[in-house]
Amino acid sequence: MSITISVRELHRVDLVEVEGRVDSSTAGQLGEVLNQRLERAPNLVVDLSKVEYISSAGLRELVAALKRARTAGGDVRLSAPSERVSEVLQLAGMDAVFQIFDDPINAVGSF
């Protein structure tokens, strides 16, 4: 299984669009992209609308990126997680850690 990650550089924030399954075999890819983007800008929106599944490894990468962004005075916000991904975020208590938006436009606009 693989994931597809695309990045759009916007005015104040980078939008990272993720598609597929984020699990132990693909989480490292996500982490690499997030770290590369954070070197450019401290604010990221991660669009999870096309993510079918996220594992604890994927959540760890998101949390690591959040910590790095906040250290740099920025933030990582999530947008449009699928129902299944929302459940995982809630079970892990991540819905209290991340700001989560219904769509990428609102997430990007929140910066």
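This is a short tutorial dialogue about reading a predicted model of one protein chain.

Colleague: Where do I start? How many helices and strands does the chain have?

Modeller: Start with the inventory, and keep in mind that the model is predicted. The secondary structure comes to four helices and five strands. Reading along the sequence, you meet them in the pattern β-β-α-β-α-β-α-β-α.

Colleague: And what about the overall dimensions of the chain? What radius of gyration would a compact globule with 111 residues have?

Modeller: A compact globule of 111 residues would have a radius of gyration near 13 Å, and this chain has 12 Å, which agrees. Along its principal axes, the C-alpha trace spans about 30 × 25 × 20 Å. Of the 111 residues, 46% count as buried. You can also look at contacts between residues at least 6 apart in sequence: 68% of them join residues at least 24 apart.

Colleague: Now the sheet, please. In what order do the strands lie?

Modeller: First the general idea: strands of a sheet pair through backbone hydrogen bonds, either parallel or antiparallel. Here five strands form an open sheet in the order β1-β2-β3-β4-β5, and the pairing is mixed. The edge strands are β1 (3-9) and β5 (100-101), each of which pairs on one side only.

Colleague: Do β2 and β3 pair in the parallel or the antiparallel sense?

Modeller: In the parallel sense, over eight bridges. For one position to find on your screen, take V22: its bridge partner in β3 is I54.

Colleague: Which strands do α1 and α3 touch or lie across?

Modeller: Helix α1 lies across β1, β2 and β3, and runs at about 10° to β1. Helix α3 packs on the sheet too, touching β3, β4 and β5, and its direction makes about 110° with that of β3.

Colleague: Let me try α2. How do I check the length of a helix, and which of its residues are buried?

Modeller: For the length, count 1.5 Å a residue. The 16 residues of α2 (residues 56-71) should then span 22 Å, and the end C-alpha atoms are 22 Å apart, which agrees. For burial, it helps to know that an α-helix has 3.6 residues a turn, so residues three or four places apart point the same way. The buried residues of α2 are A57, G58, L59, L62, A65, L66 and A69. What covers these buried residues includes β2 (14-22), α1 (27-40), β3 (43-54), β4 (75-79) and α3 (83-91).

Colleague: What should I look at in the backbone angles, for instance after α2?

Modeller: Look for a positive phi. G73, which follows α2, has one near 85°. A80 has a positive phi of about 50° as well, although A80 is not a glycine. You will find A80 in the loop between β4 and α3.

Colleague: Is A80 buried or exposed?

Modeller: Buried: its relative accessible area is 15%, and the cut-off for buried is under 20%.

Colleague: My last topic is charge. How many salt bridges does the structure hold?

Modeller: The general idea is that side chains of opposite charge can pair when their charged atoms come close. This structure holds nine salt bridges. One of them joins R8 and E17, with the closest N and O atoms 3.1 Å apart. R8 is partly exposed at 44% relative accessible area, and E17 also counts as partly exposed, at 23%.

Colleague: Which residues form salt bridges with D14?

Modeller: Among them are R37 and R40. For D14 and R37, the closest N and O atoms are 3.0 Å apart. That pair links distant parts of the chain, since D14 is in strand β2 and R37 is in helix α1, 23 residues apart. For D14 and R40, the closest N and O atoms are 2.3 Å apart. This pair also links distant parts of the chain, with D14 in β2 and R40 in α1, 26 residues apart.

Colleague: Are D14, R37 and R40 buried or partly exposed?

Modeller: D14 counts as buried, at 0% relative accessibility. R37 is buried as well, with a relative accessible area of 15%, whereas R40 is partly exposed at 43%. To see the wider picture, add E9: E9, D14, R37 and R40 are linked in a network of salt bridges.

Key: Residues are numbered from 1 along each chain as its sequence is written. This is a predicted model: local features need pLDDT of at least 70, side-chain atom pairs count only at pLDDT 80 or more; totals for chains, interfaces and linings use all residues. Side-chain values use heavy atoms; hydrogens and water are left out. Helices (H or I, at least four residues) and strands (E, at least two) are DSSP runs, numbered from the N terminus. The expected span of a helix is 1.5 Å times one less than its number of residues. Buried means under 20% relative accessible area, exposed over 50%, partly exposed in between (1.4 Å probe, protein chains only). Contact means heavy atoms within 4.5 Å. Two strands pair if DSSP finds at least two bridges between them. Axes are lines fitted to C-alpha atoms, for helices over the stretch in contact, and angles run from 0 to 180 degrees between N-to-C directions. A salt bridge is a side-chain nitrogen of Lys or Arg within 4 Å of a carboxyl oxygen of Asp or Glu. The radius of gyration is taken over C-alpha atoms; the globule rule is 2.2 Å times the number of residues to the power 0.38.
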